[in-house]
Each structure stands twice: as structure tokens, then as C-alpha cells.
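Please work through the exercises below with the sequence and the model at hand. Each task is followed by a solution in steps.

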Amino acid sequence: MINLVLFGKPGAGKGTQAEFLKTQYNLKHISTGDVFRYNISQGTELGNLAKSYMDKGDLVPDQVTIDMLQAEVDKNPQASGFIFDGFPRTTAQAQALDAFLQTKSMQINACVALEADEDELTKRLLERGKISGRSDDQDESKIRNRFQEYNDKTAPLKDFYQGQNKFYAVDGIGEIAEVTNRIAAVIDNL
Ligand code: AMP
């Protein structure tokens with residue numbers, strides 16, 4: 001079983017890469033952002049709560065996100081491994097994920113970080129916003145706030161996974177297939 005954390009700033013290509021990797025390695029892809037957006041589209045209580053944070057580019061509170069992630073994992077008992085995309089985003093989430101996986105005799109094998117600079121990512125997000133209609137991709141001040149949230153709360157996870165010898169940085173700039181190959185090289189060496 002392989003369990004991966006795909007790590008990186010908004011727009012780094014986590015979702016795009018997960019789509020390729022899940023097929024290549026037969027993994028279940030869980031994107032917390034996608035699950036929140038699905039709940040928003042269905043008008044659920046979770047969706048309404050998440051929307052109030054996502055609309056501003058703020059992180060959704062930890063316990064709400066952790067409970068939702070655990071429910072998604074529990075829905076897939078047959079999975080031969082998971083790609084966690086956009087989770088964990090805080091140290092509390094990373095600790096909760098480790099503890100949760102341990103109860104299932106599972107663990108994170110690698111945290112793969114897609115690296116790209118903020119100017120490039122802002123351009124990508126604004127382009128994506130035109131196609132996806134995502135309101136948090138269409139407004140530069142919301143994008144800046146998402147980077148701020150990342151730098152304050154998510155960036156420290158690099159140390160968390162480095163401390164476990166599980167952190168691998170990959171250059172996230174280039175053709176999609178090129179980046180997939182860089183990530184595959186990391187996975188194949190685990
Ligand atoms: P994403 O699709 O990963 O860019 O996530 C979109 C938004 O969903 C984020 O800006 C947050 O508001 C929320 N979100 C997604 N994943 C998490 C998480 N792990 N913790 C808190 N908020 C999250």
C-alpha cells in the first residue's frame with residue numbers, strides 16, 4: 001500500500017498530477033477542496049459552513065476538515081492506497097492524519113511537494129478561474145490570502161515530514177507529463 005500526501009501552494013498542480021498518479025499507481029484520490037465544493041453544490045450543512053471560509057480564501061477549521069477526511073477514507077476500505085490532495089494543511093491535521101492511519105495499520109509513505117513561485121501560480125490560478133468559475137480563483141486578493149494561509153499554516157509541514165524523512169521536493173514547473181515523471185521517479189524509489 002502506498003499513501004501519498006501531495007503538497008504545494010494553491011495552483012501548484014496537485015489536482016492535475018493526482019489525476020495521472022491515481023491511474024498509474026491504482027490509488028484513491030481524495031481532494032478535500034473537491035469534497036467541500038461537492039458539499040457546497042449539494043447545499044449540505046458542511047458545504048454551507050465550508051463556503052463561508054473558502055469564499056474568503058481562509059482555511060476551513062481543522063476539526064471539520066479532519067472529520068470529513070476520515071469519513072472519505074472510511075468510505076474506501078478496499079483502496080490499495082490514497083493520494084491526499086490539499087490535506088493536511090496544518091500541523092494539527094498532519095498529526096490527526098498520522099494517528100488516524102495508525103489505527104488502521106496504515107501510514108504516509110511520502111509527502112511530495114510541487115514547487116513553484118507565487119507569481120507564476122497567481123497567473124495559473126487567474127487562468128483557471130476563467131475556465132472553472134471558482135470564485136476563489138478569480139480575485140487576486142483572495143489568491144493572496146490563500147498564499148498567506150499557506151505560508152503561515154501549511155508551510156511548517158515541510159519540517160513535519162522532513163522530521164519523518166518523508167519529504168520530497170519536485171519542480172512543479174514544466175509540461176504536465178514532465179512533472180508526473182518527476183513524481184513517479186520519487187514514488188518508484190520509495
Ligand atoms: P483547494 O481546492 O485544495 O485549493 O482548496 C480550496 C479551499 O478549500 C481552500 O482555500 C480552503 O478554504 C478549503 N480547504 C481545502 N482543503 C483544506 C484543508 N485541508 N484544511 C482547511 N481548508 C481546506
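The exercises that follow treat the ligand site, the backbone and a set of single residues.

The model is predicted: local features need pLDDT of at least 70, side-chain atom pairs count only at pLDDT 80 or more, and totals for chains, interfaces and linings use all residues. Residues are numbered from 1 along each chain as its sequence is written, and side-chain values use heavy atoms, with hydrogens and water left out.

**Exercise 1. The ligand shell**

Task: Determine how many residues surround the ligand, and how they divide into nonpolar, polar and charged.

Solution.
- Step 1. Apply the criterion for nearness: a residue is near a molecule if one of its heavy atoms lies within 4 Å of it.
- Step 2. Count the shell. The ligand is surrounded by 16 residues, and the closest are Thr32, Arg37, Asp58, Gly86 and Arg89.
- Step 3. Sort by class. Ala, Val, Leu, Ile, Met, Phe, Trp, Tyr, Cys and Pro count as nonpolar, Asp, Glu, Lys and Arg as charged, and the others, Gly among them, as polar. The shell then holds six charged, five polar and five nonpolar residues.
- Step 4. Assign the residues to elements. Helices (H or I, at least four residues) and strands (E, at least two) are DSSP runs, numbered from the N terminus. Helix 2 (residues 32–42) provides the largest share of the shell, four residues.

**Exercise 2. Ligand contacts and burial**

Task: Identify which atoms of Thr32, Asp58 and Val60 lie at short range from the ligand, and state how much of the ligand the protein buries.

Solution.
- Step 1. Recall that a polar contact is a pair of N or O atoms within 3.5 Å; within protein, one must be able to donate a hydrogen and the other to accept it, and residues adjacent in sequence count only if both atoms are side-chain atoms.
- Step 2. Take the ligand oxygen. An oxygen atom of the ligand and a polar backbone atom of Asp58 are 2.6 Å apart.
- Step 3. Take the ligand nitrogen contacts. Thr32 places a polar side-chain atom 2.7 Å from a nitrogen atom of the ligand, and a backbone N or O atom of Val60 is 3.0 Å from a nitrogen atom of the ligand.
- Step 4. Read the burial. The ligand alone exposes 480 Å², of which the protein buries 96%; these areas come from the Shrake-Rupley method with a 1.4 Å probe.

**Exercise 3. Backbone exceptions**

Task: Locate Pro88, Asn26 and Ser105 in the chain, and state what sets their backbone apart.

Solution.
- Step 1. Begin with the general expectation: most residues other than glycine have a negative phi, and most peptide bonds are trans.
- Step 2. Examine Pro88. This residue lies in the loop between strand 3 (81–85) and helix 5 (91–103). The peptide bond from Phe87 to Pro88 is cis, with omega near 0 degrees.
- Step 3. Examine Asn26. Its phi is positive, near 55 degrees, although the residue is not glycine. Asn26 belongs to the loop between helix 1 (14–25) and strand 2 (28–31).
- Step 4. Examine Ser105. Its phi is also positive, near 55 degrees, and Ser105 is part of the loop between helix 5 and strand 4 (110–115).

**Exercise 4. Buried or exposed?**

Task: Classify Asn26, Ser105, Asp171, Arg134, His29, Lys9 and Ala184 as buried, partly exposed or exposed.

Solution.
- Step 1. Fix the cut-offs: buried means under 20% relative accessible area, exposed over 50%, and partly exposed in between (1.4 Å probe, protein chains only).
- Step 2. Asn26 is exposed because its relative accessibility is 55%, and Ser105 is exposed at 74%.
- Step 3. Asp171, in strand 5 (residues 167–171), is partly exposed at 43%.
- Step 4. Arg134, in the loop between helix 6 (118–132) and helix 7 (140–154), is buried at 18%. The side chains of Arg134 and Asp136 make a polar contact of 3.0 Å.
- Step 5. His29, in strand 2, is buried at 14%.
- Step 6. Lys9, in the loop between strand 1 (2–7) and helix 1, is buried at 18%.
- Step 7. Ala184, in helix 9 (residues 176–188), is buried at 6%.
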